[in-house]
Amino acid sequence: MFLLDIQLKDYSGFELAKEIRNIDNYKLTPIIFVTAIPTRELMAFKEIHCYDYIVKPFKEEEIVWTKQELYLLKKLINIIMNSML
């Protein structure tokens, strides 16, 4: 899982996410953005297949919950894939 801030000092989090998606080993790795940008401006994160975003300020529990959701999703995908064999 990658946790990226959209507004990095010298770089765009969106651009970094696009670069990550171009690396074969990370094409399916979940990317979650952390941002202070209002949600209506965040449609671009869907274009690069990011899993979710968390708006600042946030509580640590939000990251824990998101990580747990990702874990459960991965388990479900594995169950489905194994049942198709």
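**Salt bridges and exposure**

Student: Why is K27 called partly exposed?

Tutor: K27 has a relative accessible area of 38%, and since buried means under 20%, exposed over 50% and partly exposed in between (1.4 Å probe, protein chains only), this value belongs to the middle class. This is a predicted model, in which local features need pLDDT of at least 70 and side-chain atom pairs count only at pLDDT 80 or more, while totals for chains, interfaces and linings use all residues. Residues are numbered from 1 along each chain as its sequence is written, and side-chain values use heavy atoms, with hydrogens and water left out.

Student: What makes D24 exposed?

Tutor: The relative accessible area of D24 is 63%, and therefore D24 is classed as exposed.

Student: How do you know that D24 and K27 meet in a salt bridge?

Tutor: The term requires a side-chain nitrogen of Lys or Arg within 4 Å of a carboxyl oxygen of Asp or Glu; the N to O distance between D24 and K27 is 3.9 Å, so the pair qualifies. By this rule the count comes to 3 salt bridges.

Student: Why is the pair K56 and D5 called a salt bridge?

Tutor: The closest N and O atoms of K56 and D5 are 2.6 Å apart, so this pair also satisfies the rule. K56 lies in the loop between β3 (52-55) and α3 (60-83), whereas D5 is in strand β1 (residues 2-5), so the contact ties together parts that are 51 residues apart in sequence; helices (H or I, at least four residues) and strands (E, at least two) are DSSP runs, numbered from the N terminus.
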